[in-house]
Amino acid sequence: MTITTEQVLQALGNVEEPDLKKDLVTLNMIQDIRIDGNKLSFSVILTTPACPLKAMIENACRNAISYFISKEVEVSINMTSRVTTQKNTGVPGVKNIIAVASGKGGVGKSTVAVNLALGLAHTGAKVGLIDADIYGPSLPIMFGLEGARPKASQLEGKTRIEPIEKYGIKLLSIGFFTDPNQPVPWRGPMVSTAVKQLFNDADWGELDYLVVDLPPGTGDIHITVSQTFPVTGAVIVTTPQNVALADAKKGIGMFMMSAINVPLLGIVENMSYFTPAELPDNRYYIFGQGGGQKLASQLDVPFLGEIPLVKSISESGDAGMPVILDEANPMSKAFLDMAKRVAQQVAIANAEANNKKLVNN
C-alpha cells in the first residue's frame, strides 16, 4: 500500500479543532509528516500545552487516517504545542498577559492567580507571575519567600531585575522591595511607576503566559496595566453571594469600557461550597449556589469553574506551598482544570483577534 502526503493532508482536513472551528490542515497544525511503507508519523501543533481537548483531537486524527486511508496504517502522533499570541505585549519575550481581577477583596483572587500560574506551568508552559497588588502584596507569603530580594543584572547597559524563580515559574512582587512591617503610603503617580517597573525593568526571558494579580476594585493599577500593556484577556474572580457578584459586574464593566477594551477570558467562582476533610463527598453551599455561573450566562462569557472552600487551601498558602502542588489533594485537580480552561480561552481570543486582522487587511 502506498500512502502519499496529499492523502494524509486530505484525511486530516476532516478533523476540526473544536474551539477554533477550522480543520487542522487549514490552521497549519499538521507538521513533520513522515511515511515509511504503511507506517505514518506526524506532529499536531496545539495552541497551548494546556489544551484540555488534546486526547480528543489525537483520537479524531487516528480515526480520520483509518477511515479515509486505511485501517492498516500504523499511526504515530506527536502531540506538541506552540502557544499563540496576537500582538506585541510590550514586554520582550512575553506572548500573553493574563490579568486576574475581582470587584472586591476577600474573594480569594490571589489564591486563584497563584494556582492559575502554577497550573499553566504544570502543563509545560513557561510562566511568570506579577503581584501587582501594591497595597497588599501576598505573593512573598504564598510562596514562602518572605525576606527574599531579587538580584539585579546589567543587560545592554541597563540594570534589569531578575525575577525570583520558584516551583518552575518566575515571580515579582512589590513585597520583595518593601518592609512587610511598615506601611507604604502610595500615591497615584507612584503606584503607576512602580507597576510599570515590574513589567519593564525585569528580565522575564521567554514566557508563554505572564499572569498579573491585580488589586481588588477598579483603580489606578488596573488602568495603568490595561492601557500600557496589550492584555490578552482578564479572568474575573467572584464568590457566589450577591454582594460579590454585584462588585464583579463593576470589574467586568471596567474591562469592557472602550478606553480599556480588554477581552474577558471568563469567570471563576471561588468558595463555591464548603467540603469538610472528613466528609469529602459533602457539599455545603454556605455563600449561595450558582451565582458565578449565572453571571457568566448573563454576560455570555465562559464559566471557568467552581473552586470549593477547603481548609487546606489557606493552610497551603500560609505554608508557602500552593495547594495545586499537592497532587493528592482533590483541590489540585480543580485548579489544574481551571488553568486548562483559561489557556483554552487565550487560544480562542488570539485566533479571533488574528482573524480580525486578516479581515481588516
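**Exercise 1. In this predicted model, work out which residues line the largest cavity and how the lining splits by class.**

Start with the list: E17, D19, L20, T47, T48, C51, P52, Q344 and A347 line the largest cavity.

Next, sort them. The lining has 4 nonpolar, 3 polar and 2 charged residues. Pro counts as nonpolar here, so P52 goes with L20, C51 and A347. The charged residues are Asp and Glu types, which picks out E17 and D19.

Then put a volume on it: about 50 Å³. A search of the whole structure turns up 1 cavity of 30 Å³ or more.

**Exercise 2. Find out which residues touch the most other members of the largest nonpolar core, and which helix gives the largest share of it.**

Begin with the core itself, which has 88 residues; F143, F199 and F255 touch the most other members. Helix α10 (residues 330–360) supplies the largest share, 10 residues.

Now zoom in on F255. Skip its neighbours within four places in sequence, and its contacts are A101, L214, S226, A234, I236, I260, N261, V262 and L264.

Finally, look beyond this core. Another one lies apart from it, with 22 residues, including A11, M29, V44 and M79. As background, nonpolar side chains in soluble globular proteins tend to be buried together.

**Exercise 3. Take the salt bridges E58 with R62 and D337 with K333, and say where each pair sits and how exposed its residues are.**

First pair: the side chains of E58 and R62 meet at 3.1 Å, N to O. Both are in helix α2 (residues 54–68), 4 residues apart, about one turn of the helix. E58 has 23% relative accessibility, so it counts as partly exposed; R62, at 32%, is partly exposed too.

Second pair: D337 and K333 come together at 2.7 Å, N to O. They lie in helix α10, again 4 residues apart, about one turn. D337 is partly exposed at 22%. K333, at 55%, is over the 50% cut-off and therefore exposed.

**Exercise 4. Locate the two ends of the salt bridge between D208 and K95, and decide whether each residue is buried or partly exposed.**

Check the distance: the closest N and O atoms are 3.8 Å apart, which is inside the 4 Å limit.

Then place the ends. This pair links distant parts of the chain, 113 residues apart. D208 is in the loop between α5 (188–200) and β12 (209–213), while K95 is in the loop between β5 (74–81) and β6 (97–101).

Last, exposure. D208 has 11% relative accessibility and so counts as buried, whereas K95, at 26%, is partly exposed.

Definitions and conventions. Residues numbered from 1 in each chain as written. Predicted model: local features only at pLDDT ≥ 70, side-chain atom pairs only at ≥ 80, totals over all residues. Heavy atoms only, no water. Core = buried A, V, L, I, M, F, W, Y, C linked by side-chain atoms within 4.5 Å. Buried < 20%, exposed > 50% of the residue type's maximum accessible area, 1.4 Å probe, protein only. Contact = heavy atoms within 4.5 Å. 1 Å grid on protein atoms, 1.4 Å probe; cavity = no way out; pocket = protein on both sides within 12 Å on 5 of 7 lines; lining within 4 Å. Points joined across faces, edges and corners; volume = space filled by probe spheres on them.
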